[in-house]
Amino acid sequence: MNRPSSVYNQTLLRLKKIFSSFDNIYISFSGGKDSSVLLNLCIDYIRKNRLKCRLGVFHMDYEIQYRETIDYVDQVLNSNQDILDVYRICVPFKVPTCTSMFQQYWRPWDEDMRDQWVRQQPKDCYTQKDFPFFKSNMWDYEFQLRFAEWIHLRNRAKRTCCLIGIRTQESFNRWRTIHSKRNYYHQGLKWIHLIKTNIYCAYPIYDWLTTDIWTANGKFGWSYNHLYDLFYQAGIPLDKQRVASPFISQAQSSLKLYRAIDPDMWGKMINRVNGVNFTGIYGGTSAVGWKKVTLPKGFTWAQYMQFLLSTLPSETRANYLRKLSVSIEFWRTRGGCLSTKTIEKLRNAGIEISVGETTAYKTNKKPVRMEYQDDINIAEFRELPTFKRICICILKNDHACKYMGFALNKDEKKRKKRIMDIYKSLL
């Protein structure tokens, strides 16, 4: 009986496909375990096959990171210079933050805050003056898309491929990135996606497990970010050890680790980004909407929402109210898609609803129109419109209201349209 091929051997076949199909290849490198393994795989493949090509390494330097990560990135970007073209990006794009009620974003390498930078810019980095397309209202994810086009034109490439080290084991969103039916696959390969004419993204290690990553590091003696050793010593489970922006919602509960692992950086970042110390103390607790959130005595959730809104800066308060207005209108006129089981629970609870038969969404669920409730004590709580969910959203400093699943507001729709216009040449 034939033994199934290992993920390592499958990846070598994928790299063969990539290096034979594209003349301009670069890898998105964060310093994390996944992108590091992918970079090592590519370096080994180029050397063992004696390929006469160069590999681009795209690193978005967010200014604030663990010292271990910074040192590791420095070491990697300064090695293998005979085959690597390094693009270390130090640009003040907008980056989401959930540490503050006053700020929806912060800017690494903001020239207006140069005296508060946590460190100096690395030597030979690329700054905003190197990119004619950069605008002050550009978010980090927009920059990544525009960079792909920039490097494609700069290198006068026929076909460009950006290699990304994400694995479907990490989250449902990453699984969906690979398997979504909205993707335009290259030659039917679900791990290579078209993003613009002659520009692609590839995910060669999408089917690896966390254990595969560390097995490869040990077996081949590859270098890795020793921050993971410190995570392990701090008792962080393997599947929770991630190198990411410290200020996003998912990182709130682990932000406090900076204080123990890298106290020097902790002292600097407190002064750099609003709300870091508070989030370090209370991140992952009910104080910022995690775990069990209790209603203050004498309040309804709607009243508590009004109280929370009254404590916010006017711009932040207006943002939440715009989101709420859109959501209320949506549930009144179009309705959210719910399962038959959830609909039955709502009726048993005596909640007035109107159930439609068809919806424009591709789902077997039915559209349900209803008014906002104060709270609904059923397992499908997160699918339903309640003032409790808004309170949790505010406590999390979730300015984009991802926890709520709110529709895009007017400004966000404009931003989405601007991005879509850039890539309107999609096939």
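Let's start with the sheet. Seven strands make it up, and it is open. The order reads S3-S2-S1-S6-S9-S8-S7, with mixed pairing. Keep in mind that this is a predicted model. At the edges sit strand S3, residues 84-89, and strand S7, residues 185-186. Each of those pairs on one side only.

Now one edge in detail. Strand S2, residues 55-60, runs parallel to S3, and six bridges join the two. Look for glycine 56: aspartate 85 in S3 stands opposite.

Next, the helices. Helix H1, residues 7-21, lies across five strands by name: S1 (24-28), S6 (160-164), S7, S8 (189-196) and S9 (199-202). Against S8, helix H1 runs at about 30°.

Which residues of helix H3 are buried? In H3, residues 67-77, they are Thr69, Ile70, Tyr72, Val73, Val76 and Leu77. Viewed down the H3 axis, these fall within an arc of 165°, so they line one face of the helix. What do they pack against? The partners are H2, S2, S3, helix H7 (227-233) and helix H9 (263-272).

On to the cores. The largest nonpolar core has 79 residues. Ile89, Phe131, Phe143 and Phe147 touch the most other members. Helix H2, residues 33-48, supplies the largest share, eight residues.

Take phenylalanine 147. Set aside its neighbours within four places in sequence, and its contacts are Tyr26, Phe58, Tyr87, Ile89, Phe131 and Phe133.

There is also a second, separate core, of 32 residues. Among its members are Ile343, Ile351, Val368 and Phe387.

Key. Residues are numbered from 1 along each chain as its sequence is written. This is a predicted model: local features need pLDDT of at least 70, side-chain atom pairs count only at pLDDT 80 or more; totals for chains, interfaces and linings use all residues. Side-chain values use heavy atoms; hydrogens and water are left out. Two strands pair if DSSP finds at least two bridges between them. Helices (H or I, at least four residues) and strands (E, at least two) are DSSP runs, numbered from the N terminus. Contact means heavy atoms within 4.5 Å. Axes are lines fitted to C-alpha atoms, for helices over the stretch in contact, and angles run from 0 to 180 degrees between N-to-C directions. A nonpolar core is a set of buried Ala, Val, Leu, Ile, Met, Phe, Trp, Tyr and Cys residues joined through side-chain atoms within 4.5 Å. Buried means under 20% relative accessible area, exposed over 50%, partly exposed in between (1.4 Å probe, protein chains only). The arc is that of the directions from the helix axis to the C-beta atoms.
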